[in-house]
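Visitor: Please take a close look at one part of this model, the sheets of one chain and the helices packed on them. After that, I would like to see how the rest of the assembly is put together.

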Amino acid sequence: MTAAALASRAPSPGVSSRASDILFRHRWLLLALLLAPPLLWIGIVYVGSLLALLLNSFYGLDEFSGLVKYEFTLSTYAQLFQRANFDIIVRSILMAAAVTIASAIIAFPIAYYAARYARGKWKAFFYLAVMMPLWSSYLVKVYAWKLILAKEGIVTWLAEITKTSWLLNSVLGLPVIGGPSLSISYIGMFLVFVYVWLPYMILPTQAALERVPGSLIEASADLGANPAQAFRTVILPLALPGLIAGSIFTFSLTMGDYIIPQIVGTSRYFIGQAVYAQQGTAGNIPLAAAFTVVPIVIMGIYLWVAKRMGAFDAL
Amino acid sequence: MTTAVRFQNVSRHFGTIRAVDDVTLDVAEGEFFAMLGPSGSGKTTCLRLIAGFEQPDKGHIEIFGETAEGVPPYRRSVNTVFQDYALFPHMTVGENVAYGLMIRGLPKASREERAREALAMVKLSGFEDRRPSQLSGGQRQRVALARALVNEPKVLLLDEPLGALDLKLREQMQEELKSLQKEVGITFVFVTHDQGEALAMSDRLAIFNEGRIVQVGRPSEVYEQPNSRFVASFVGSSNVLPPDFAYEHGGSLNWTSLRPEKITILKNGQSTPPDQVSVTGKVAAVHYQGSQTRVTLNIGELRMTAHAPSAMGTFVEGQSVTFHWPREALHAMEPKQ
């Protein structure tokens, strides 16, 4: 009866508009509703599992049974410094650093062109060209590269018809980074890594350069800076946050990858493969966890140093 | 006197847009020169041609007798105060001001010293260690000024430098800029769309319209003797009288300018002085502006505005009012086509 009486006085507000009214009066409620799912996700699934990982790295393996012993120990971390494990870490860091530097050098001119000069359909073309490799399957790309780099592959064939086999062979003859063919060498692995992670360097760099007003570059020229000086004193420092964001991607993605080293490369392990092997076949979860902590620590130190050097001053 | 900047038949076209079209111009050394015009009239492009950010398609530019075409901006002894100030966000105020000196390779101690002096000149002593983001608009403007002046340029270019400031600050900065220019004695070329600013600050000004210079002269010349309908209505407000009307009311058969402040409103019961011309119409609009009141009359098709002292009393729309003016107040501009 009362409900009907109320409804007759005013047009009955729908459920959704009544909900809107409640949200209007209690603004925190909307915020809480919007933030709860991501916070739960980040809090429990993400940070939680990260903490579990960290916790695991402080356990050890019982030497007799081979089962995880749930007692605090630093012995697992000590194992990281054993010759075989430490080599894996150094190898991964060197590869990740090389990939990051090469990506930055290749990405910068592309990003600079896209941010400063490309307009309209050229800009659309740029985004397509950069993003398109990300659309196809990662595995397909890696196997495609395996074929390109293989002994019977396109690179060898191209070297033959251009009569530059000597060059290819001398590159492959280089100690350590060479090998029987590009597809079984660090050089090949490096090329594939750079190809696969390059978009992750281009996009943040381009975004950073996009935010640099053209008048700043004109101002530096106006104040007497030639293009090289303008680049060093204005453009690079302002693009640095983007380059660092990109380098976080390329560095940590390379550090964590276990597929490319397996398909293209030598039989020597990288961190990703070590983690994969330790937590799988070896059943050594603590050592796998300790390996995983390495990139996290390195990224932490890297960001701290970058901040100390003023890389984020432009933000 | 030496010519600081010389334009000889300079054109700069962007596709079909004639941003600067056959401009010839001389700016004397030590002059405060304003380029005035509506947006898109080519004044900023002219400034960028002097700075070197643009190169002319045709014509010849000289800066202190030296050919400027093909000379990159970083080889010109010209500095710019940008419209958005263009302060480097990753540097402190002190580093911003010392930037030009750093590029020239001055030792750290002496460039810091000179940056301090330059900041003192624009009344920002002690701001060296702040970031541009911590400054107000007016302060940023001063930093931009100090950053340009510290290099002791031969010509200082200012691109709408006061455009982003509020009215009070703008008036204050107008005076400061003017006295600063006297103090340093550098040639200033100043771009603005604000005619009041151009009249108040410049020694001479050029009026731009559609890529061309319409008139050049001292502020009083341009204001008193506009050479075209465009100048008359763009610089200050003016009654632009059609040739026939002007001829019938004390003038010649030309488009004629009559400034509102030259018109007197006839008081009740008085008659027009014998040597003056008058016209009567109905009040169409009244704008009270404090010390004066703008009264607009409908005279047939024509609208005329006069500035009356507000003390004269109030006017009502539709009221019949007589304007009168001396013949010499009429300034003939363009002939009847």
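Guide: What follows goes through the sheets of chain B, then the contact between the chains, then two helix pairs of chain A. The model is predicted.

Chain B as a whole sets the frame. Its secondary structure consists of nine helices and 18 strands. Along the principal axes, the C-alpha atoms of chain B fill a box of roughly 80 × 45 × 35 Å. The chain has 337 residues, and 41% of them count as buried. Taking the contacts in chain B between residues at least 6 apart in sequence, 63% join residues at least 24 apart.

One sheet of chain B is open and has six strands, in the order S6-S7-S8-S3-S9-S10, with mixed pairing. The edge positions belong to strand S6 (78–81) and strand S10 (212–217) of chain B; each has a single partner strand, so one side of each has no neighbour in the sheet. On average, and with direction ignored, neighbouring strands of this sheet are turned by 20° against each other. At the S10 edge, strand S9 (residues 204–209) of chain B pairs with S10(B) in the antiparallel sense, over five bridges. Within that pair, B:Val216 in S10(B) is the residue opposite B:Ala206.

Two helices lie across strands of this sheet. Helix H1 (residues 43–51) of chain B lies across strand S3 (32–36), S6, strand S7 (155–159), strand S8 (187–192) and S9 of chain B, and runs at about 145° to S7(B). Helix H4 (residues 137–149) of chain B lies across S6 and S7 of chain B, at about 175° to S6(B).

H1(B) is mostly covered, with nine of its nine residues buried. The buried set includes the charged-by-name pair B:Lys43 and B:Arg48, together with B:Thr44, B:Thr45, B:Cys46, B:Leu47, B:Leu49, B:Ile50 and B:Ala51. After H1(B) comes B:Gly52, which has a positive phi, near 100°.

The other sheet to describe in chain B is also open. Its five strands have the order S13-S17-S14-S15-S16, and the pairing is antiparallel. S13 and strand S16 (302–309) of chain B are the edge strands; each has a single partner strand, so one side of each is left without a neighbour in the sheet.

S17(B) can be followed on both of its sides. Strand S13 (residues 264–265) of chain B is joined to strand S17 (residues 320–326) of chain B by two bridges, and the two strands run antiparallel. In this pair, B:Ile265 stands opposite B:Phe323. Strand S14 (residues 276–288) of chain B also pairs with S17(B) in the antiparallel sense, over seven bridges. Here B:Ser278 stands opposite B:His324, and B:Gly281 has B:Val321 as its bridge partner.

Next is the contact between the chains. Chain A contributes 17 residues and chain B contributes 17 residues. On the chain A side, the elements that give two or more residues are helix H11 (214–222) and helix H12 (227–256) of chain A. H11(A) gives the most to this side, with six residues. By type, the chain A side divides into ten nonpolar, four polar and three charged residues.

Chain A also offers two helix pairs to compare with the sheet packing above. Two packed helices are described by the angle between their axes and the distance between the axes.

In one pair, the axes of helix H7 (residues 138–149) and helix H10 (residues 186–210) of chain A come within 11 Å and cross at roughly 140°. That angle makes H7(A) oblique to H10(A). The crossing of the two helices is right-handed. From H7(A), the residues A:Lys141, A:Val142, A:Trp145 and A:Leu149 meet A:Gly188, A:Val192, A:Tyr195 and A:Val196 in H10(A). The residues of this contact divide into six nonpolar, one polar and one charged.

In another pair, the axes of helix H3 (residues 27–57) and helix H15 (residues 285–308) of chain A come within 7 Å and cross at roughly 115°. H3(A) passes H15(A) in a left-handed crossing. The H3(A) residues A:Leu53, A:Leu54, A:Asn56 and A:Ser57 meet A:Ile285, A:Pro286, A:Ala289, A:Ala290, A:Thr292 and A:Val293 in H15(A). Seven nonpolar residues, three polar and no charged make up this contact.

Definitions and conventions: Residues numbered from 1 in each chain as written. Chains lettered and ligands numbered in written order. Predicted model: local features only at pLDDT ≥ 70, side-chain atom pairs only at ≥ 80, totals over all residues. Contact = placed C-beta atoms within 7 Å. Helix = DSSP H or I, 4+ residues; strand = E, 2+ residues; numbered from the N terminus. Pairing = 2+ DSSP bridges. Buried ≥ 20, exposed ≤ 12 C-beta atoms within 10 Å, placed from the backbone. Axes fitted to C-alpha atoms, helices over the stretch in contact; angles between N-to-C directions. Parallel < 35°, antiparallel > 145°, perpendicular 65-115°, else oblique. Left-handed = near helix turned anticlockwise from the far one by under 90°.
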